[in-house]
4 protein chains.
Amino acid sequence: MAKLHFKYGAMNSGKSDTLIKTAYNYAERGLATLTVKPALDTKGEDWVVARGGARRRVDVLVAEGEDLRARIRAAAAAQGDQPLHCVLVDESQFLSPAQIDQLFLVAKRDDVSVICYGLRTDFLAHEFPGSRRLFELADNFEKLPTMCRCGSQAEFNCRVVDGRHVFEGDQVAIDDGAVVTYESLCGACFMREQDAAGARVIG
Amino acid sequence: MAKLHFKYGAMNSGKSDTLIKTAYNYAERGLATLTVKPALDTKGEDWVVARGGARRRVDVLVAEGEDLRARIRAAAAAQGDQPLHCVLVDESQFLSPAQIDQLFLVAKRDDVSVICYGLRTDFLAHEFPGSRRLFELADNFEKLPTMCRCGSQAEFNCRVVDGRHVFEGDQVAIDDGAVVTYESLCGACFMREQDAAGARVIG
Amino acid sequence: MAKLHFKYGAMNSGKSDTLIKTAYNYAERGLATLTVKPALDTKGEDWVVARGGARRRVDVLVAEGEDLRARIRAAAAAQGDQPLHCVLVDESQFLSPAQIDQLFLVAKRDDVSVICYGLRTDFLAHEFPGSRRLFELADNFEKLPTMCRCGSQAEFNCRVVDGRHVFEGDQVAIDDGAVVTYESLCGACFMREQDAAGARVIG
Amino acid sequence: MAKLHFKYGAMNSGKSDTLIKTAYNYAERGLATLTVKPALDTKGEDWVVARGGARRRVDVLVAEGEDLRARIRAAAAAQGDQPLHCVLVDESQFLSPAQIDQLFLVAKRDDVSVICYGLRTDFLAHEFPGSRRLFELADNFEKLPTMCRCGSQAEFNCRVVDGRHVFEGDQVAIDDGAVVTYESLCGACFMREQDAAGARVIG
């Protein structure tokens, strides 16, 4: 029976890059895949874009509330006779819990492997709705490693607004003209920035 | 910097057994550990009890609302001069999110390794409060494998009441005289039992 | 297609204990397994014996030069109609390379999972013949962790003769009346003992 | 204490690509690394070249018989005052066992992390000299996955000469005008090609 995988990692851990490489490897061996992205992630529109510049066209750009299993079936049928081998999902933290359930059915009822790439937590160290359901249902978790400024593995995504590390705000940053970036930090460095800001989202 | 580990597994994956073996290995090398258990888990009282019969006395039996980091410090001080090497937590899914934060501080401020053993989800495939916070904060996840009746890896804990697989009820079963057990199932077999019961907790 | 797994670990990492627990888990779910041990390992005779005292009768005690796949087939047939689900091998480092090939065929031609437990290296940090072939052919490697005296993970098996760490001798210690034990050490502590003995088996 | 890692994978598993991405991640955080390659691998000369086109200049191109630890020290000193954080080694299967020992000392005496990328076996399913020593000494193994034509994970590197899968020849192909490529295969498909060729390198 096919499996539902969750490959999670902090910002800049190469999630989109790995997705694109995996899709390419399947194609090279003549195996059909579909690439899925939540429409909520407007960056890149209907492309998966990796930091290094690699790009891949999204097959299913799924809106909130849509039945993702039905969309995948339709897209697979449109590809013709070749059996679908694997579904690759970018930014899976932005899917709804119901859509993660639908991906679980793609694996367990349709016997098609599903690999979800995504963040595990937001900048306040809380699970996204999609990642929560993935931690409940996925067969396997794999960390895509990236580094903190101190050389340790980074686990947290710290929001930086106009150069300052911030510990309050909406889960998805609203575009209000400020320059918003993220820094991937290990637990110890996250605590240090939290202390410096007089905040307390952990501890 | 010390790490916070989450070793999760379905029922009967040998979590308590592994905890006892790990504590024994540390002791054999002269390294101090503390064993922690939430008081919410009344089974075994202040002992960690493995299926095979191995037992280990709990050092810190922690009630809901107690400061777990303070309890650990006090217990370490009571052991004398030897530096604390590792904290081992049984049934960690029953800790509160705040107590998981306190364990995170034990790792990141006190530089003591913490290994949490626990279930990831309840019988309805929802995270426990303690496991949710562990998925948000732990440095590493490791699955302790166990088998489904079909030979695949089991991921879900299905509740069996008086011989029937059930899909409703409280997260922790109330003792009302019924015989309550759990069966560890893979995703496909969980779906099969869910369908047979006309329930729909996944999908 | 079934897989050939190599679960390696230093002395006292609980290899036999894990084997016994795994066999028990399969049996509990009504799935047939066979337990294999090389006759070269005379300790325990035809029993797998774990440090904690758990024991399990060996189904196939295989001598050097014997065809292990044929022995497994015969033992499976003798168990009756139930299909064989998994072969569990203790002390697999003592099998010959040809016997590891035969286990590979059990997985890839007979579609039966094989889990080999064993040491990766001898006391001079050289692969055993069986572990070398496993590193060449196994689908997956998994480390069963154990600790060094310093609290780090132990990777090496240092021979201790009459209380002294030694760095020369036969791969399998000859019984000449001396008390031979092994200490599991991390790389740094192994180097320290090697330096103290004026030896140089690494570096 | 720093660790020696072995990240192995079949052909086209993205080993060089991962090395380049890792070096880039370190640099982005202001942490110094060195990139090492055996001169035996003449492809790309003193560049690490990934399939997708990414490239990275090699800092230490090491010949057989050279002291790799001395070369690393000299290269680190030439970079100036910044402490060396990590050594990244491409095509590590081509290093000599003595050079792997030298990398072990870089980790365990100089406390600098070393990540070796390489193949585990040649086209006849035998370890390379460098990979053998890595299996003996490395702290951790990690498989970089790639796919077989059948969709399973590929573990073997089958040599293809003028379109035919071959099972004899030198470990490193001699350039005699024939077109030599490699196909990454799973165990079952490797056996199928071996049978078709009437060869028997496994089993």
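**Contacts and burial in a four-chain model**

Visitor: How many residues does the contact between chain A and chain B take from each chain?
Guide: The model is predicted. Two residues are in contact here if their C-beta atoms lie within 7 Å. On that basis, the number taken from chain A, and likewise from chain B, is 23 residues.

Visitor: Which elements give two or more residues to the side of chain A that touches chain B?
Guide: By class, this side of chain A divides into ten nonpolar, five polar and eight charged residues. The elements of chain A that each contribute two or more residues to it are α3, α4 (129-137) and α5 (187-196).

Visitor: What kind of axis relates chain A and chain B?
Guide: Chain A is superposed on chain B by a rotation of 180 degrees with 0.0 Å of shift along its axis, at an RMSD of 0.0 Å. The relation between the two copies is thus as by a two-fold rotation axis.

Visitor: What percentage of the contact residues of chain A recur in chain B?
Guide: The rotation that superposes chain A on chain B is 180 degrees. The same surface serves both copies, and the share of chain A contact residues that recur in chain B is 100%.

Visitor: Which helix gives the most residues to the side of chain C that touches chain B?
Guide: The contact of chain C with chain B takes 15 residues from each of the two. On the side of chain C, these divide into four nonpolar, seven polar and four charged residues. With four residues, the element that gives the most is helix α1 (residues 15-28) of chain C.

Visitor: How far apart are the closest C-alpha atoms of chain A and chain C?
Guide: No contact joins chain A and chain C. Chain B and chain D do not touch either, and their nearest C-alpha atoms are 12 Å apart. For chain A and chain C, the separation of the closest C-alpha atoms is 12 Å.

Visitor: Is A:Glu91 buried or exposed?
Guide: The UniProt annotation "active site", from an unreviewed entry, covers A:Glu91. A:Glu91 lies in the loop between β6 (84-89) and α3 (97-108) of chain A. A residue is buried if 20 or more other C-beta atoms lie within 10 Å of its own. Because A:Glu91 has 23 C-beta neighbours inside 10 Å, its class is buried.

Visitor: Which residues are in contact with A:Glu91, leaving aside its neighbours within four places in sequence?
Guide: A:Glu91 is in the loop that links β6 and α3 of chain A. Its contacts beyond four places in sequence are A:Lys37, A:Pro38, A:Asp41 and A:Gly118.

Visitor: Are A:Asp176 and A:Gly177 buried or exposed?
Guide: UniProt, in an unreviewed entry, lists residues for "binding site", including A:Asp176 and A:Gly177. A:Asp176 lies in the loop between β10 (164-166) and β11 (180-185) of chain A, and A:Gly177 is found in the loop between β10 and β11 as well. The limit for an exposed residue is 12 or fewer other C-beta atoms within 10 Å. With 7 such atoms around A:Asp176 and 7 around A:Gly177, the class of both residues is therefore exposed.

Visitor: How are α2(A) and α3(A) oriented to each other?
Guide: Helix α2 (residues 68-78) of chain A packs against α3(A) at an angle of about 45 degrees, their axes lying 8 Å apart. A:Leu68, A:Arg69 and A:Ile72 of α2(A) make the contact with A:Gln99, A:Gln102, A:Leu103, A:Leu105 and A:Val106 of α3(A). Five of the residues in this contact are nonpolar, two polar and one charged. The angle lies outside the parallel, antiparallel and perpendicular ranges, so the two helices are oblique.

Visitor: Which element of chain D helps to cover the buried residues of α4(C)?
Guide: Eight of the nine residues of helix α4 (residues 129-137) of chain C are buried, among them C:Arg132, C:Arg133 and C:Glu136. Their cover includes β1 (4-8), α3 (97-108) and β7 (113-118) of chain C. From chain D, the cover includes α4 (129-137).

Visitor: Which element of chain A helps to cover the buried residues of α5(B)?
Guide: In helix α5 (residues 187-196) of chain B, the buried residues are B:Gly187, B:Cys189, B:Phe190, B:Met191 and B:Gln194. Chain B itself supplies β9 (156-161) and β11 (180-185) to their cover. The element of chain A that takes part is α3.

Methods: Residues are numbered from 1 along each chain as its sequence is written. Chains are lettered from A and ligands numbered from 1 in the order in which they are written. This is a predicted model: local features need pLDDT of at least 70, side-chain atom pairs count only at pLDDT 80 or more; totals for chains, interfaces and linings use all residues. UniProt positions are given in the numbering used here, feature names are shortened, and annotations may be inferred rather than shown by experiment. Copies are superposed by least squares on the C-alpha atoms of residues with pLDDT of at least 70 in both. Ala, Val, Leu, Ile, Met, Phe, Trp, Tyr, Cys and Pro count as nonpolar, Asp, Glu, Lys and Arg as charged, and the others, Gly among them, as polar. Axes are lines fitted to C-alpha atoms, for helices over the stretch in contact, and angles run from 0 to 180 degrees between N-to-C directions. Angles under 35 degrees count as roughly parallel, over 145 as roughly antiparallel, 65 to 115 as roughly perpendicular and the rest as oblique.
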